[in-house]
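Here is a short set of exercises to work through with the model open in your viewer. Try each task before you read its solution.

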Amino acid sequence: MSAQNSAGIQTLLDAERDASKIVQKAREYRTKRVREARDEAKKEIEAYKAQKEAEFKKFEAEHTQGNKAAQDEADAEAEARIREIKESGSKNREQVIKDLLHAVFTPVPEAMAAH
């Protein structure tokens with residue numbers, strides 16, 4: 001009976017060793033799959049990030065051009081108004097000076113000024 005027990009124990013030990021190898025392989029496979037999944041996720045994140053950055057740059061370029069066009073138009077309008085004011089000032093300069101000098105040097109009685 002002792003040989004039977006010994007053979008049974010040896011069979012159990014062999015089965016335990018085989019089970020241990022299977023568990024070890026499963027752990028290695030799981031670790032490998034986790035690494036692969038992590039690497040795949042990183043690649044997907046990088047691709048998504050690159051896509052969103054490209055979309056943002058396109059959006060920014062489109063809207064910056066629109067703002068630049070509006071800014072250029074506003075600058076042109078301001079320059080035109082400044083030119084008009086300068087031209088008007090140049091044309092009426094003599095008359096404005098005469099009117100100012102007349103107002104300063106011509107006394108007006110207070111009774112008349114009230115009306």
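**Exercise 1. Classify Val108 as buried or exposed, and place it in the chain.**

Solution. The model is a predicted one, so the values below are computed from predicted coordinates.
- Step 1: take the relative accessible area of Val108, which is 56%.
- Step 2: compare it with the cut-off; exposed means over 50%. Val108 is therefore exposed.
- Step 3: find its place. Val108 sits in the loop between α1 and α2, the latter covering residues 110-114.
- Step 4: relate it to another residue. Glu84 is 24 residues from Val108 along the chain, and their C-alpha atoms are 34 Å apart.

**Exercise 2. Describe the overall form of the protein chain: what are its secondary structure, radius of gyration and spans?**

Solution.
- Step 1: count the elements. There are 2 helices and 0 strands. Helix α1 takes in residues 2-105.
- Step 2: set the radius of gyration against the globule rule. The chain has 47 Å, whereas a compact globule of 115 residues would have a value near 13 Å.
- Step 3: look at the principal axes, along which the C-alpha trace spans about 145 × 35 × 20 Å.
- Step 4: check burial. Buried residues account for 0% of the 115 residues.
- Step 5: add the surface. Its accessible area is about 11,000 Å², and carbon and sulfur atoms contribute 57% of that.

**Exercise 3. Work out which conformation residues 31-62 adopt.**

Solution.
- Step 1: start from the record. An unreviewed UniProt entry lists residues 31-62 as "coiled-coil region".
- Step 2: turn to the model. Over this stretch the chain is 100% helix and 0% strand.
- Step 3: note the end-to-end separation, with the end C-alpha atoms of the stretch 46 Å apart.

**Exercise 4. Find how many salt bridges the structure holds, and analyse three of them.**

Solution. The total is 5 salt bridges, and a pair qualifies when the side-chain nitrogen and carboxyl oxygen are within 4 Å.
- Step 1: Arg17 and Asp14. Their side chains meet at 2.9 Å, N to O. Both residues belong to helix α1 and are 3 residues apart, about one turn of the helix. Arg17 is partly exposed at 43% relative accessible area, and Asp14 is partly exposed at 28%.
- Step 2: Arg33 and Glu36. Here the N to O distance is 2.8 Å. This pair also lies in helix α1, with a spacing of 3 residues, about one turn. Relative accessibility is 33% for Arg33 and 29% for Glu36, so Arg33 and Glu36 both count as partly exposed.
- Step 3: Glu55 and Lys52. Their closest N and O atoms are 3.2 Å apart. Because they are 3 residues apart in helix α1, about one helical turn separates Glu55 and Lys52. Glu55 is partly exposed at 37%, as is Lys52 at 35%.
- Step 4: look for shared partners. Arg33, Glu36 and Glu40 are joined into one network by salt bridges that share partners.

**Exercise 5. Compare the charged side chains: how many are positive, how many are negative, and how far apart are the centres of the two sets?**

Solution.
- Step 1: count each set. The chain carries 22 positive and 23 negative side chains.
- Step 2: compare the centres of the two sets, which lie 9 Å apart.

Methods. Residues are numbered from 1 along each chain as its sequence is written. This is a predicted model: local features need pLDDT of at least 70, side-chain atom pairs count only at pLDDT 80 or more; totals for chains, interfaces and linings use all residues. Side-chain values use heavy atoms; hydrogens and water are left out. UniProt positions are given in the numbering used here, feature names are shortened, and annotations may be inferred rather than shown by experiment. Helices (H or I, at least four residues) and strands (E, at least two) are DSSP runs, numbered from the N terminus. Buried means under 20% relative accessible area, exposed over 50%, partly exposed in between (1.4 Å probe, protein chains only). The radius of gyration is taken over C-alpha atoms; the globule rule is 2.2 Å times the number of residues to the power 0.38. Accessible areas come from the Shrake-Rupley method with a 1.4 Å probe; for residues, only the protein chains shown count as cover. Lys and Arg count as positive and Asp and Glu as negative; His and the chain ends are not counted. The place of a charge is taken as NZ of Lys, CZ of Arg, CG of Asp or CD of Glu.
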